Amino acid sequence: MRVRSLALLLLASHPLGSCSALFDREVRVRVELSSEELCGDSGPQIERLALFLSTPALEATDGDSSRWRLRPGPTSTRDVVLLDFEGCEAVEIVGAWAGRGDPASLVATLGLPDDLNHSNPALAEGPLTDPAMHWSWQAGYKYLRFETLSSELLFHLGATGCRGLDPVDCKHPHRSEVSLALRSTPRGWSTQLFPDELLAALRASRRQLGDGHCQSTPSDADCTDLLPPDGRGLRRFFGSEASAAQASSEALPASRVGHR
Amino acid sequence: MRALITLALCCVGCLCCTGCGAPQEPWQVPAGFPALRVPADNPMSAATIELGRHLFYDEELSANRTQSCASCHIQALAFTDGRTHGVGSTGERHRRNTSTLTNVGYAASLTWANPLITTLEQQAHLPLFGDEPFELALESPQQLVERLAARPELIDLFERAFPDEADPLTIFNVTRALAAFQRSLISADSPYDRYLAGEPSALSTSQQRGLRLFQSERLECFHCHGGFNFSDSLDHSGMPTAHSPFHNTGLYDLTDGGGYPQRDRGLFEITLDERDRGAFKAPTLRNVEVTAPYMHDGSMATLDEVLDHYEQGGRRIDDGPYAGDGSGNPHKSDFVSGFVLTEQEREDLLAFLRGLTDTTFLTNPQLSDPQLSDPQSFDPRLSERGTSDSRRSTPEKASS
């Protein structure tokens, strides 16, 4: 009897034992770029646009949220995905979900948890092996990398103001929670990002005092509209605050960017 | 006499390498120098050092196969490049002057102003894969591993260096080997070292006067360039924690109040702490005679200019975009307060600094391109050095 109770207790307390059977539904989300200027008829004007999302969850229409376990591969581990929009191409995220009903939004952290952010890139796996996303001089990763052709305009989002070694303590972690509204498609679900908004923010800062390069320094004029949680350019990039252009194109479900 | 002793020690080293039965330590620092702090997952061995040496001089480590680590770290220049700013394999100009690798294994932090980069294994990622600026400009770890996999002689070196691993050709092991070789770049045979070891004539009378000036409270040099390695950025196995200070030496004072040029604001860029504006690491002064130009931005061509700067307690620039009086920089180190030197004192100080030049280190074939020296020799220098230096006193104590 005692053995049986212990076994039940272990089964209930073990994350795989209690939950793995529930992750039985494959959900595909296609992430597209909506950009007239950067991805329009004249071809991609983006040198690089890539970002890390971690600990993703899907929120159902009834408000229930549950983890979305990603399919491990070159661009994702179970908990982290690198969205790399090479040539403005859309990317697809695939994972197993335990929820019921239809997912209404993808909720994730923009950025990486500390233990991964400051880990040894020589021992990294999957998306963390991409040296272009490693921010070697900040001993971490770029959470988001946006560069126009020839790096004329540049935004590298990542943790800054760091001190210490074990653990590294960063004054500006710059992680944020993002919530992307999903639409149903024949193959699954889709959502959009709006890189023109990053472009607009960098151009605006360059018109003022900046040089159009933001490296996540809060006091840098170029970063005024870009850093989480309040940077308007970043919020608009995720569609959480509609710009005039977005508002005129089509009505979007509500997305969010918040501090995490 | 010294030549005879050296010859005799060399012979002993050779005999041991070729056949004496007693096992040798694979690697050791010179007597009188503290033991290096070596990461637990990268113990020093002759085989890892040798692999690292081969990689260090290998142009396959740059994407376009035009540069190796040694392109910017030239042995004869104490592993600097003689340029104002380094130039990477793509032609991109670095904003900073190339750092010396002299005794780099004792540095508490790497690069000019980054307390987050504390191991050579970690630092290797900057030149290999970094893009701000591009240096070796490799696209990915896979690119390098695939290249090296096509080189049987290197595979052999990887297998010797990491004999317990089924697949030793990994980027992790590339960084481990590069770090091991760099830790072996130890300079301990300058006239100053010989002077400390009981050879009074190794330093001239002028140099000895210069040494006393260097260590004086009047000049304050030793506060930041003190200890056996002439740098207060120091870490070794005998220290409870690394000592990793940074200093603003008053090179600039732009109009915005303590500002350094926007292109390089030093430690502030990492910590974002206002007090860290314009702060950089004090580099070792060993071999400083051959590491011109000087300062983090290579903005001083000669040691004479450097002495002018410290004599004035900061640099005054009258014209141009960087005009300002660095002596008034509010973040400047208290030790850069200025002094007055007579002509003779200036000569003495410069002579002493030249006494830190270690020609053995600058010419040792065991630290040079293995393609240009005997590729079969596995590190006899280290045992020789350890034996030879065991006769010396402790430089750290003597210079502190």
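1. The largest nonpolar core in this predicted model comprises 65 residues. Those with the most contacts inside it are Leu51(B), Leu55(B), Ala113(B), Leu138(B), Ala161(B), Ala177(B) and Leu178(B). Two or more residues each come from α2 (46–56), α5 (125–129), α6 (141–149), α7 (152–161), α8 (171–183), α12 (268–271) and α15 (359–363) of chain B. Of these, α8(B) gives the most, with seven residues.

2. Leu51(B) is a nice place to start when you look inside this core. Leaving aside residues up to four places away in sequence, Leu51(B) touches Leu157(B), Phe158(B), Ala161(B) and Ala177(B). Apart from this core lies another, of 56 residues, including Leu33(A), Ile93(A), Val107(A) and Val178(A).

3. Three of those partners bring us to α7(B), whose buried residues are Leu157(B), Phe158(B) and Ala161(B). They sit on the same side of α7(B) because they cover an arc of only 100° around the axis. Pro152(B) and Asp156(B), on the other side of α7(B), are exposed. Among the elements covering the buried residues of α7(B) are α2 and α8 of chain B.

4. Do have a look at α10 of chain B as well, which spans residues 205–214. Which of its residues are buried? They are Gln207(B), Gly210(B), Leu211(B) and Phe214(B). Their arc around the axis is only 105°, so they lie on the same side of α10(B). The packing partners of these buried residues are α11 (221–224) and α14 (343–354) of chain B.

Technical notes:
Residues numbered from 1 in each chain as written. Chains lettered and ligands numbered in written order. Predicted model: local features only at pLDDT ≥ 70, side-chain atom pairs only at ≥ 80, totals over all residues. Core = buried A, V, L, I, M, F, W, Y, C linked by C-beta atoms within 7 Å. Buried ≥ 20, exposed ≤ 12 C-beta atoms within 10 Å, placed from the backbone. Helix = DSSP H or I, 4+ residues; strand = E, 2+ residues; numbered from the N terminus. Contact = placed C-beta atoms within 7 Å. Arc of directions from axis to C-beta.
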